[in-house]
Structure formats: structure tokens, C-alpha cells
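Grab a pencil and work through a few exercises on the structure shown below. Try each task yourself before you read its solution.

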Amino acid sequence: MRYPEQREQVVRYGIEMESTGLTVGTAGNVSVLVEDGIIISPSSMAYRETRPEDTILMDLAGNVLEGERMPSVEHKVHLAMYKARSDVKAVIHAHPTVATAFAAARIEIPGFLDEFGVYVGDAVRVAEYAISGTDEIADNVARAMGETSHAALIASHGMVCVGKDLASAFHVCQQVERTALIYVYAKMLGGPVELPQSSKDLFAQVFAYKRTV
Ligand SMILES: [Zn+2]
């Protein structure tokens, strides 16, 4: 079995995702880039019951190279992220309550907090709706994320976060969910005040720099 360490990480972050409420049941999935392709969590398997050997090694064309189980149905979304961006080394797809409410309402989460601009990007845009598991949804998510964000919402479904490793992608997921909740509260208080353009420019520069290191 190749990549035992990365398989262990995929299992660990699946458990972490469920235990922190970023998803429920077997929903969502986790992957990490390796030399031959990606290691991705299996389809329809409880995170706490998943063992490293249950994860799947697949190449970037979507062929299973190693693994007995079916790869997650959303593997095309994961593959599209790695193909679209050379800085993406890990992908997490989750269904957290508040961010998924934005995905259901098809409202993007704007960048109105300092930390958001640095870690998540300019905004979390909503990918155009398409059926789960299709090439179309994969293309739509890659387009919504673009080059200026580490996350996107999947219309009527959930969210996708990326990073240079699983710890970073997980942090992005947490930031997006937290910001979505703060946005709802801020709206009740009259709406968040927009950041000055100079701050947005600075955060965009830091975000772009962090992508390269
Ligand atoms: Zn999903």
C-alpha cells in the first residue's frame, strides 16, 4: 500500500470534519495530492470506521490505481481543483450548516473580515448548479473558486475548500463556516461595513504571496 502517511491524514481529517460539525454522516470527502495522483476518501463509509487501506489512490485522469472501494462520488470536483490550480495540494468537501444555507440561497459570502482576505480570499462564490458527480459541476466549482479564493459554494449542496495541505484546507473550511455565521449576525445588526479598498488590496497581495510559498 503506497502513501500510508497521506492515507492516515485523509482518515484523520474526515473524522475531524465530522466531529467539528462541518459535515454529518458520510457526507463530504477529503483528498490530498501525491506523486501519482490523489488519495481520496471512499464513498459512503462512516469516517470513524474508515481505515487507511479503505482510501483510494487515483490518478488525475480519474483512474483508480489502488483501492478496493469506490472513490467518493464527488472525486471529479476534487480532480478539477488540482488541475485548475498548481498551489492546491489538498481538498475538503463538506456540508456545514451555515455555509450550506448560503449555498441553498445561492448567496456568496463576501470578504468583510480582515482574516478572511488573507486565509480564504476575496469572496466565496457560488458555483452554478449542476447534478452532483458530473463533469459540469466540477467545471462550475473550479470556475467559481477562480484564482482569488480557496473556497467555493456548490449551489444547493455544500462547499469545497482547498489548501497547500490538509491542515490549511481544514482551516479554510472552519473560517468559511464561521464567517458565514458572522455574516448572518452582522446582517441582523444592519449589515457588515465594507473594508477600505487599501485593506482589500493588501489582503489580496498577502493571499497571492501565500499561494506561492
Ligand atoms: Zn456533498
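The exercises below deal with a predicted model.

**Exercise 1. The sheet**

Work out in which order the strands of the open sheet lie, and which strands stand at the edges.

*Solution.* Start with a bit of background: strands of a sheet pair through backbone hydrogen bonds, either parallel or antiparallel. Here, 9 strands make an open sheet with mixed pairing, and the order is S4-S3-S2-S1-S5-S9-S8-S7-S6. Now look at the edges: S4 (64-66) and S6 (109-110) each have a single partner strand, so one side of each has no neighbour in the sheet.

Next, zoom in on one pair. S8 (residues 151-154) and S9 (residues 158-163) run antiparallel and are joined by 4 bridges. In this pair, leucine 153 sits opposite methionine 159 of S9. A helix packs on the sheet too: H3 (residues 97-105) touches S6, S7 (123-127), S8 and S9, and its direction makes about 115° with that of S9.

**Exercise 2. Checking the span of a helix**

Find what span helix H6 should have at 1.5 Å a residue, and compare that with the distance between its end C-alpha atoms.

*Solution.* First, count: H6 (residues 166-188) has 23 residues. Then take 1.5 Å a residue, with one residue fewer than the count, which gives an expected span of 33 Å. Finally, compare: the end C-alpha atoms are 34 Å apart, so the two values agree.

Just past the end of H6, you meet glycine 190, with a positive phi of about 110°.

**Exercise 3. How H3 meets H6**

Decide how H3 and H6 are oriented to each other, and list the residues that make the contact.

*Solution.* The packing angle is about 70°, and the axes are 7 Å apart. Angles of 65 to 115 degrees count as roughly perpendicular, so H3 and H6 are roughly perpendicular to each other. The crossing of H3 and H6 is left-handed. On the H3 side, Val98, Ala99 and Phe102 make the contact, while H6 brings Val176, Glu177, Ala180, Leu181 and Val184. Among the buried residues of H6 are Val176, Glu177 and Ala180.

**Exercise 4. An enclosed helix**

Explain why H2 can be called largely enclosed, and say what covers its buried residues.

*Solution.* Count again: 8 of the 10 residues of H2 (residues 75-84) are buried, so the rest of the structure largely encloses this helix. The buried ones are His75, Lys76, Val77, His78, Leu79, Ala80, Met81 and Tyr82. The cover includes S1 (29-34), S2, S3, S5 (90-94), H5 (135-145) and S9.

Take H5 from that list. H2 and H5 pack at about 40°, with axes 8 Å apart, and that angle makes H2 oblique to H5. The crossing is right-handed. Lys76 and Ala84 of H2 are among the contact residues, as are Asp135 and Ala142 of H5.

**Exercise 5. Two unusual phi angles**

Are tyrosine 3 and serine 44 buried or exposed?

*Solution.* What draws attention to them? Most residues other than glycine have a negative phi. Tyrosine 3, though, has a positive phi of about 60°, and serine 44 has a positive one near 50°.

Next, place them. Tyrosine 3 belongs to the segment before H1 (4-19), whereas serine 44 lies in the loop between S2 (37-40) and S3 (56-58).

Last, count neighbours. Tyrosine 3 has 20 other C-beta atoms within 10 Å, so it is buried. Serine 44 has 11 within 10 Å, so it is exposed.

Notes:
Residues numbered from 1 in each chain as written. Predicted model: local features only at pLDDT ≥ 70, side-chain atom pairs only at ≥ 80, totals over all residues. Pairing = 2+ DSSP bridges. Helix = DSSP H or I, 4+ residues; strand = E, 2+ residues; numbered from the N terminus. Contact = placed C-beta atoms within 7 Å. Axes fitted to C-alpha atoms, helices over the stretch in contact; angles between N-to-C directions. Buried ≥ 20, exposed ≤ 12 C-beta atoms within 10 Å, placed from the backbone. Parallel < 35°, antiparallel > 145°, perpendicular 65-115°, else oblique. Left-handed = near helix turned anticlockwise from the far one by under 90°.
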